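Hi,

Here is the structure I promised to pass on. Have a look, and my notes follow underneath.

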Amino acid sequence: MAQKPEEPERRDLAPLDEELTLTTPETLSIAVDLPPTPPREVPDDEAAVAIDDIPVDPGFVASPTEPNTMSVAIVASRLAAATAEAEAAAAAAAEPVVPLPGADASRHEQYGQSRRDRMRGEHSTQPEPAAMLTADRLLEVNRKTRPGPEGPWQRFVYNATFRTVNLGDSAKVRARKELDHRIQKQFEGGTRFVPVLTRKGGVGKTTVTTLLGMALADAREDRIVAIDANPDRGTLSERVPKQTRATVRDVVHKAASITGFTDFSALVSRDETRLDILASDTDPMLSEAFDENDYNVVADLSARFYSIVLTDCGTGIVHSVMRATLQRADSLVIVSGGSVDEARLASETLTWLDANGYGELVRNAIVALNTATQGTNLVKLEEIEAHFRSRVREIVRIPYDPQLAAGSVVQWKALKPLTKLSARTLAALVVEGLPAERD
């Protein structure tokens with residue numbers, strides 16, 4: 001009978017496990033020797049924005065019930081400098097607040113928001129006038145709404161590419177449009193009065209009034225009128241095609257019946273630029289009868305229909321019409337010739353105005369230096385300009401033009417380009433000196 005194989009003896013391993021448990025530590029540390037690591041070189045651009053190694057104590061969390069986060073103040077000189085540079089760059093890149101065309105900074109702050117604010121959906125806190133609804137604000141600039149360029153080469157490229165390539169206006173056209181924009185400054189709150197005066201006759205005061213009025217009327221869309229307030233029979237009405245025989249005397253007599261612009265326009269003459277001229281008395285027996293009260297009647301009626309009123313004053317500055325003119329004046333144009341005595345008399349005009357309480361008008365005045373008078377070629381015009389520049393805001397030279405020298409009807413389109421540029425520059429300077437708003 002076969003025997004069963006003997007089973008291996010079973011050992012009790014419990015005492016061995018207990019012995020290993022008692023002799024083995026809870027944690028085991030192993031030390032490995034590694035070769036030293038070479039220090040890393042930091043590039044200059046990375047070091048410029050790196051934060052200095054400043055030890056920070058994060059604190060100790062006392063218990064699980066306390067908050068498990070805390071704020072740590074990190075002070076680093078490089079970090080502060082980098083933050084300041086970033087803020088400066090962000091401020092420089094931000095869109096500036098630019099006033100709308102035809103509005104100055106104070107008017108923009110009162111009525112409008114910046115273009116960025118409007119794009120964000122923000123609205124003005126003040127009621128906006130109708131003048132704020134400009135084409136630049138309302139029209140989206142694209143291929144259809146963007147106007148074609150001006151200039152021979154720019155226009156040729158624009159047409160040759162079937163209006164797909166728009167190079168923009170030429171430098172000459174951009175300068176002209178910039179001057180137009182200055183002349184087209186918008187006004188709020190009534191009519192602006194600009195007297196043109198000097199103590200000496202024959203220096204081109206009527207000519208300057210005509211050029212200034214034509215430049216304003218040609219560039220602006222509102223109404224411009226020039227009043228001949230010369231008590232000694234002025235010749236302003238002879239510089240435009242005469243369409244009526246009415247004078248300032250007729251305006252005074254018919255003041256009660258003038259109820260609208262149609263009634264008033266029947267008493268003035270209008271030229272090609274839409275400048276209206278109101279003639280002075282032509283009867284020598286009535287010339288002295290036009291006084292301060294008569295001028296106030298004419299000025300009040302003109303203020304109802306016109307935005308800018310030019311006044312061609314007489315040679316004297318002590319008569320009553322001059323007093324009424326200066327009381328309404330918002331700015332002045334002083335006309336000087338190119339000779340020694342003409343320049344001296346123009347300067348004496350400023351002295352008289354300054355001594356009689358019109359110092360603010362003097363400092364805001366424009367001197368129109370007529371270089372077509374006799375003696376201009378014999379004097380140093382730069383010295384005359386240097387003298388007036390110390391007393392007034394700006395000086396403009398009016399060049400010689402054969403059409404002006406004739407003393408007859410002036411046609412704006414027939415004037416020399418330099419003459420028109422001088423007149424438009426004078427108009428821009430005058431408009432810039434007028435208050436944009438008035439209570």
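Ile227 sits opposite Leu278 of strand β4 and also opposite Thr311 of β5. Ile227 belongs to β2 (residues 224-228); strands here are DSSP E runs of at least two residues, helices are H or I runs of at least four, and both are numbered from the N terminus. β2 runs parallel to β4 (residues 275-278), with four bridges, and pairs with β5, also parallel, over five bridges. Pairing takes at least two DSSP bridges between the strands.

Before I go on: this is a predicted model, with local features needing pLDDT of at least 70 and side-chain atom pairs 80 or more, while totals for chains, interfaces and linings use all residues. Numbering starts from 1 along each chain as its sequence is written, and side-chain values use heavy atoms, with hydrogens and water left out.

Five of the five residues in β2 are buried, meaning under 20% relative accessible area (exposed is over 50%, partly exposed in between; 1.4 Å probe, protein chains only). Ile224, Ala226 and Asp228 cover one side, Val225 and Ile227 the other.

Then the rings. There are four aromatic pairs, counting Phe, Tyr and Trp (six-membered ring) centres within 6.5 Å; planes under 30 degrees apart are stacked, over 60 edge-to-face, the rest tilted. Phe261 and Tyr306 are edge-to-face, at 5.8 Å and 70°, and sit 45 residues apart in the chain. Phe261, Phe264, Phe305 and Tyr306 form a cluster through ring pairs.

Arg223 has its charged end over the Phe261 ring, 3.7 Å from the centre (the cut-offs for Lys NZ or Arg CZ are within 6 Å of the ring centre and within 35 degrees of the normal).

Cheers
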